[in-house]
Amino acid sequence: MIDTYLWQELVVFAKTGTLAKTAETLHITQPSVTRGLQKLEETLGVSLFDHQPNKLTLTTIGELAVQEGEQILQRQQLAIKKIRNFADQEDVIKIASTAPGPLLLLNRLSVAQLNTTQNLLDTDNVIKSLLNNRFTGIISNQEIQNKDIESVYLGRAFYN
């Protein structure tokens, strides 16, 4: 397994373009960056850099490694966010709504372990918020079509 800091060094190098700026950005020494990038090359078993006098550039393989590293780092941040959101829900039921009425009613109820959002949730963020464990439940004006989410219709429409 490749340590996260090695991917981070590679991604920052791709953005900054130099070892010195990479080290400065990550608040570590330049020799540490050099050793880290060498370790990454050794671990992957490929050459990520074109070494020229006073210049280090990414090879095409290095550019692919940067793309993969960015995805790994993004996925890790998403996992951390999901885990923290889930942990937050262990003690409190978090309810959101796409309409103001249900929130007004829920806010009047004094249930100890109920936490409602103060802002309305955008309907485009309903599925994402549930999948990322941001909320325990969401009251929406539309049925949710997703294989990982159970959507239950509560109520009926009255027509004249």
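What share of the 160 residues in the chain is buried? In this predicted model, buried residues make up 28% of the chain. The fold is built from six helices and five strands, and along the sequence these elements follow the pattern α-α-α-β-β-α-β-α-β-α-β. The chain therefore opens with three helices, α1, α2 and α3, before the first strand. Among contacts between residues at least 6 apart in sequence, 43% join residues at least 24 apart.

The helices at the start of the chain are a convenient place to begin. Helix α2 (residues 19-26) packs on α3 with the two axes 8 Å apart and at an angle of about 105°. An angle from 65 to 115 degrees counts as roughly perpendicular, and α2 and α3 are therefore roughly perpendicular to each other. On the α2 side, the contact is made by Leu19, Ala20, Thr22 and Ala23. On the α3 side, it is made by Gln30, Val33, Thr34 and Leu37. By class, the contact of α2 with α3 has five nonpolar residues and three polar ones, with no charged residues.

Two of these contact residues, Leu19 of α2 and Leu37 of α3, recur in the largest nonpolar core. That core has 16 residues, and those with the most contacts inside it are Leu10, Phe13, Leu19, Leu37, Leu48 and Phe49. The elements that give two or more residues to this core are α1, α2, α3 and α4 (60-89). Helix α1 supplies the largest share, five residues. In soluble globular proteins, nonpolar side chains tend to be buried together.

Phe49 shows what surrounds one member of this core. Leaving aside neighbours within four places in sequence, Phe49 is in contact with Leu10, Phe13 and Leu37, which are also listed among the core residues with the most contacts. The other contacts of Phe49 are Glu41, Leu56, Thr57, Leu58 and Thr59. A second, separate core has eight residues, including Leu130, Phe135, Ile138 and Ile144.

Thr98 sits elsewhere in the chain, in the loop between β3 (93-97) and α5 (100-108). Is Thr98 buried or exposed? Its relative accessibility is 14%, so Thr98 counts as buried, the cut-off being under 20%. Not counting residues up to four places away in sequence, Thr98 touches Leu120, Leu121, Thr123 and Val126, and also Ile139, Ser140 and Asn141.

The charged side chains come last. How many salt bridges does the structure hold? There are two salt bridges. One joins the side chains of Asp3 and Lys39, at 3.8 Å from N to O. Asp3 lies in the segment before α1 (4-16) and Lys39 in helix α3 (residues 30-44), so this pair ties together parts that are 36 residues apart in sequence. Both ends are partly exposed: Asp3 has a relative accessible area of 37%, and Lys39 has one of 36%.

The other salt bridge is between the side chains of Asp148 and Lys147, at 3.4 Å from N to O. Here the two residues count as exposed, Asp148 at 54% relative accessibility and Lys147 at 79%. The cut-off for exposed is over 50%.

Note on methods. Residues numbered from 1 in each chain as written. Predicted model: local features only at pLDDT ≥ 70, side-chain atom pairs only at ≥ 80, totals over all residues. Heavy atoms only, no water. Salt bridge = Lys/Arg side-chain N within 4 Å of Asp/Glu carboxyl O. Helix = DSSP H or I, 4+ residues; strand = E, 2+ residues; numbered from the N terminus. Buried < 20%, exposed > 50% of the residue type's maximum accessible area, 1.4 Å probe, protein only. Axes fitted to C-alpha atoms, helices over the stretch in contact; angles between N-to-C directions. Parallel < 35°, antiparallel > 145°, perpendicular 65-115°, else oblique. Contact = heavy atoms within 4.5 Å. Nonpolar A, V, L, I, M, F, W, Y, C, P; charged D, E, K, R; others polar. Core = buried A, V, L, I, M, F, W, Y, C linked by side-chain atoms within 4.5 Å.
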